[in-house]
Amino acid sequence: GYINKSLLVVSQVTKQLITDEGKGFVSYRDSKLTHMLKDSLGGNAKTCFIFSLIADKRFYSDSIACLNLAQNVSLVRNHLQFGVNETKK
């Protein structure tokens, strides 16, 4: 149950990042997973998500939901932010 809730919140966060383009409030603290991935989702990191699908009719709706999440994640753009002690290269 916690995994499904976390994935739902990841989906909501990615939709917020796509629609608001990172402006305004993004609810990263709604789950531990999104709170841990805060810098990776629309933040200051290069991120790779790996999605797994099962080619079986029983898992059709799960596969479609996974593909929708993958499409939304691919639309999120991270913006590099240099810290006080870092220099541009």
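## A tour of the predicted model

Begin on the surface: select Leu53, Tyr60, Ile64 and Leu67, which together make a nonpolar patch with about 400 Å² of accessible area. The model is predicted. Within this patch, pick out Leu53, which sits in the loop between α2 (32-36) and α3 (60-75). Its relative accessible area is 44%, so Leu53 is partly exposed.

**Overall fold**

Now switch to a cartoon view. The protein has three helices and zero strands, and along the sequence the pattern reads α-α-α. If you colour by accessibility, 22% of the 89 residues count as buried.

**The largest pocket**

Next, show the pocket surface. The largest pocket has a volume of about 460 Å³. Helices α1 (2-20) and α3 are the elements that contribute two or more residues to its lining. To centre the view, select Leu7, Asp62, Ala65, Cys66 and Leu69; of the 19 lining residues, these lie nearest the centre of the pocket. Colour the lining by class and you will find 14 nonpolar, four polar and one charged residues.

**From helix α1 to helix α3**

Two pairs can be used to gauge distances here. For the first pair, select Leu8, a residue of helix α1, together with Ala65. Their C-alpha atoms are separated by 9.9 Å, with their positions 57 residues apart along the chain. Ala65 has already appeared among the residues nearest the centre of the largest pocket. Leu8 counts as partly exposed because its relative accessibility is 48%, and the range for that class lies between 20% and 50%.

For the second pair, select Gln71 in helix α3 and add Thr14. A C-alpha to C-alpha distance of 9.9 Å separates Gln71 and Thr14, which are 57 residues apart along the chain. Gln71 has a relative accessible area of 49%, and is therefore partly exposed.

**The loop between α2 and α3**

Go back to the loop that holds Leu53. Thr47 is also placed in the loop between α2 and α3. With a relative accessible area of 34%, Thr47 is partly exposed. Draw a distance from Thr47 to Asn78: the C-alpha atoms are 8.7 Å apart in space, and the residues are 31 apart in sequence.

Move on to Cys48, again in the loop between α2 and α3. Cys48 counts as exposed because its relative accessibility is 67%, and the exposed class begins over 50%. From Cys48, draw a second distance to Ser74. Their C-alpha atoms are separated by 9.4 Å, and the two residues are 26 apart along the chain.

**The salt bridge**

How many salt bridges does the structure hold? There is one salt bridge. To see the salt bridge, select Arg58 and Asp56 and show their side chains; the closest N and O atoms are 2.9 Å apart. Are the two partners buried or exposed? Arg58 counts as exposed, at 64% relative accessibility, whereas Asp56 counts as partly exposed, at 29%.

**Last view**

To finish, display the nonpolar patch of Leu53, Tyr60, Ile64 and Leu67 together with the salt bridge between Arg58 and Asp56. Then add the residues nearest the centre of the largest pocket, including Leu7 and Asp62.

Technical notes. Residues are numbered from 1 along each chain as its sequence is written. This is a predicted model: local features need pLDDT of at least 70, side-chain atom pairs count only at pLDDT 80 or more; totals for chains, interfaces and linings use all residues. Side-chain values use heavy atoms; hydrogens and water are left out. Patches are made of residues with over 30% relative accessible area and no salt bridge: like charges are joined within 9 Å, nonpolar side chains (Val, Leu, Ile, Met, Phe, Trp, Tyr) within 5 Å. Accessible areas come from the Shrake-Rupley method with a 1.4 Å probe; for residues, only the protein chains shown count as cover. A salt bridge is a side-chain nitrogen of Lys or Arg within 4 Å of a carboxyl oxygen of Asp or Glu. Helices (H or I, at least four residues) and strands (E, at least two) are DSSP runs, numbered from the N terminus. Buried means under 20% relative accessible area, exposed over 50%, partly exposed in between (1.4 Å probe, protein chains only). On a 1 Å grid over the protein atoms alone, a cavity is a set of points where a 1.4 Å probe fits but cannot get out, and a pocket is an open set with protein on both sides within 12 Å along at least five of seven lines; lining residues have an atom within 4 Å of a point. Grid points are joined across faces, edges and corners, and a volume is the space filled by probe spheres set on the points. Ala, Val, Leu, Ile, Met, Phe, Trp, Tyr, Cys and Pro count as nonpolar, Asp, Glu, Lys and Arg as charged, and the others, Gly among them, as polar.
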